[in-house]
Amino acid sequence: MEEMLDVVYTLKDGPVGSIVLNQPAKKNAISAVMMDKLVESLHQFEQDDEIKVIVLRGEGETFCAGGDLDQPGPRPMTAEFSRQSLRRYIRATKEIRSTSKPVIACVRGYAVGGAVSLMLASDLVCISENARIIPNFCKIGLIPEMGLMSTLPAVVGPQKAKEILFFGQRLSAADCLRLGLANRVFPEESFEEEAKAFALSVAELPNLSLRITKGIMNSTLDTQMAAVMEAESIGSPFCSQGEEFKAISAKFQKK
């Protein structure tokens, strides 16, 4: 019998706590259960005084390949079930933002769809030089989710954000660095070591000042983000009932 994996697991390494998305057979695709476990893990590290910084990463060589299309639920999917599921995803974004400790997204391989939302909800971002960032929502008939319509324009401006989101642009590591979406780009062969060193350098900074700075800076954006995510919880389920999304989703499920 195939062993069931925890869809999220945690590790402690001195002052650094790692939260690992763990569906490697599905390229760490996001599920509602995974987002519930992510919230639990954030709470765990928030209460652990030994942990000064939190790293969010994927198991293996891919950060996250977007939403898991094979989740329990009614078939065909109802708008209300989609809304309730999305609210669990939104809660994960809110927890990343409200957790007082700095969260560093460490991105290897692909970050697709909601993975981009998790990445930009984080306080700092390290990506490997071979990483590809693909906010693929509008092209498949959905609206961007998990606060991405707030976090992305806050970094790149509204016009550029619309271009990226409308076309689901495939962003390289160099693109992310140029646009301000990533703080560090590390070589693939040394990514784990350099990302760990970066996280430790953050953990060594005065912790109280970092936590207060994060809280103040996030509060200026998060009121708007909350309104965006509330609108998402209506707009995205509506799109999920559209013929365009259903046709595209059916193609994916046949592969």
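Trainee: How many salt bridges does the structure hold?
Mentor: The structure holds 13 salt bridges. Keep in mind that this is a predicted model.

Trainee: Okay, and why would side chains pair up like that?
Mentor: Side chains of opposite charge can pair when their charged atoms come close.

Trainee: Let's take one. Which side chain does K26 meet in a salt bridge?
Mentor: K26 meets D68, with 3.1 Å from N to O. The pair links distant parts of the chain, 42 residues apart. K26 is in the loop between strand 2 (16-21) and helix 1 (32-46), while D68 is in the loop between strand 3 (53-58) and helix 2 (79-98).

Trainee: Is D68 buried or exposed?
Mentor: D68 counts as buried, because its relative accessibility is 11% and the cut-off for buried is under 20%. Its partner K26 is partly exposed, with a relative accessible area of 32%.

Trainee: Got it. What about E192, which residue does that one pair with?
Mentor: E192 forms a salt bridge with R108, and the closest N and O atoms are 3.2 Å apart. E192 sits in helix 7 (residues 191-203) and R108 in the loop between strand 4 (103-107) and strand 5 (110-112), so this pair ties together parts that are 84 residues apart in sequence.

Trainee: And is E192 buried or exposed?
Mentor: E192 counts as exposed, at 54% relative accessibility. R108, on the other side of the pair, counts as buried at 14%.

Trainee: One more pair, please. Which residue forms a salt bridge with D123?
Mentor: That's K214, with the closest N and O atoms 2.9 Å apart. Here too the pair links distant parts of the chain: D123 is in the loop between helix 3 (114-121) and strand 6, K214 is in helix 8, and they are 91 residues apart. K214 is buried, with a relative accessible area of 8%, whereas D123 is partly exposed at 25%.

Trainee: Which residues are linked in a network of salt bridges?
Mentor: K12, D48 and E50 are linked that way.

Trainee: You mentioned helix 8. Where does it run, and what's on its surface?
Mentor: Helix 8 covers residues 207-240, and L208 lies in it. L208 also helps make a nonpolar surface patch of about 320 Å², together with I212 and I216.

Trainee: Why does L208 count as exposed?
Mentor: Because its relative accessible area is 61%, and exposed means over 50%.

Trainee: Those patch residues seem evenly spaced. Is there a general rule about spacing in a helix?
Mentor: Yes, an α-helix has 3.6 residues a turn, so residues three or four places apart point the same way.

Trainee: Nice. How do the axes of helix 4 and helix 8 cross?
Mentor: The axes come within 8 Å and cross at roughly 140°. Helix 4 (residues 148-156) and helix 8 are therefore oblique to each other.

Trainee: Which residues meet there?
Mentor: From helix 4 you have L148, M149, S150, T151 and A154. They meet L221, Q224, M225, V228 and E232 in helix 8.

Trainee: Which residues in helix 4 are buried?
Mentor: L148, S150, T151, L152 and V156 are buried. What covers the buried residues of helix 4 includes helix 3, helix 5 (158-167), helix 6 (173-179) and helix 8.

Trainee: What happens just after helix 4?
Mentor: G157 takes a positive phi there, of about 95°.

Trainee: Which non-glycine residues have a positive phi?
Mentor: N28 is one of them, with phi near 60°. N28 is in the loop between strand 2 and helix 1 and counts as buried, at 0% relative accessibility. M146 also has a phi near 60°. M146 lies in the loop between strand 7 and helix 4 and is buried too, with a relative accessible area of 2%.

Trainee: Last stop, N130. Where is it?
Mentor: N130 is in the loop between strand 6 (124-128) and strand 7 (132-134). N130 is partly exposed, with a relative accessible area of 46%.

Trainee: What does N130 touch?
Mentor: Not counting residues up to four places away in sequence, N130 touches G109 and E188.

Note on methods:
Residues are numbered from 1 along each chain as its sequence is written. This is a predicted model: local features need pLDDT of at least 70, side-chain atom pairs count only at pLDDT 80 or more; totals for chains, interfaces and linings use all residues. Side-chain values use heavy atoms; hydrogens and water are left out. Patches are made of residues with over 30% relative accessible area and no salt bridge: like charges are joined within 9 Å, nonpolar side chains (Val, Leu, Ile, Met, Phe, Trp, Tyr) within 5 Å. Accessible areas come from the Shrake-Rupley method with a 1.4 Å probe; for residues, only the protein chains shown count as cover. A salt bridge is a side-chain nitrogen of Lys or Arg within 4 Å of a carboxyl oxygen of Asp or Glu. Helices (H or I, at least four residues) and strands (E, at least two) are DSSP runs, numbered from the N terminus. Buried means under 20% relative accessible area, exposed over 50%, partly exposed in between (1.4 Å probe, protein chains only). Axes are lines fitted to C-alpha atoms, for helices over the stretch in contact, and angles run from 0 to 180 degrees between N-to-C directions. Angles under 35 degrees count as roughly parallel, over 145 as roughly antiparallel, 65 to 115 as roughly perpendicular and the rest as oblique. Contact means heavy atoms within 4.5 Å.
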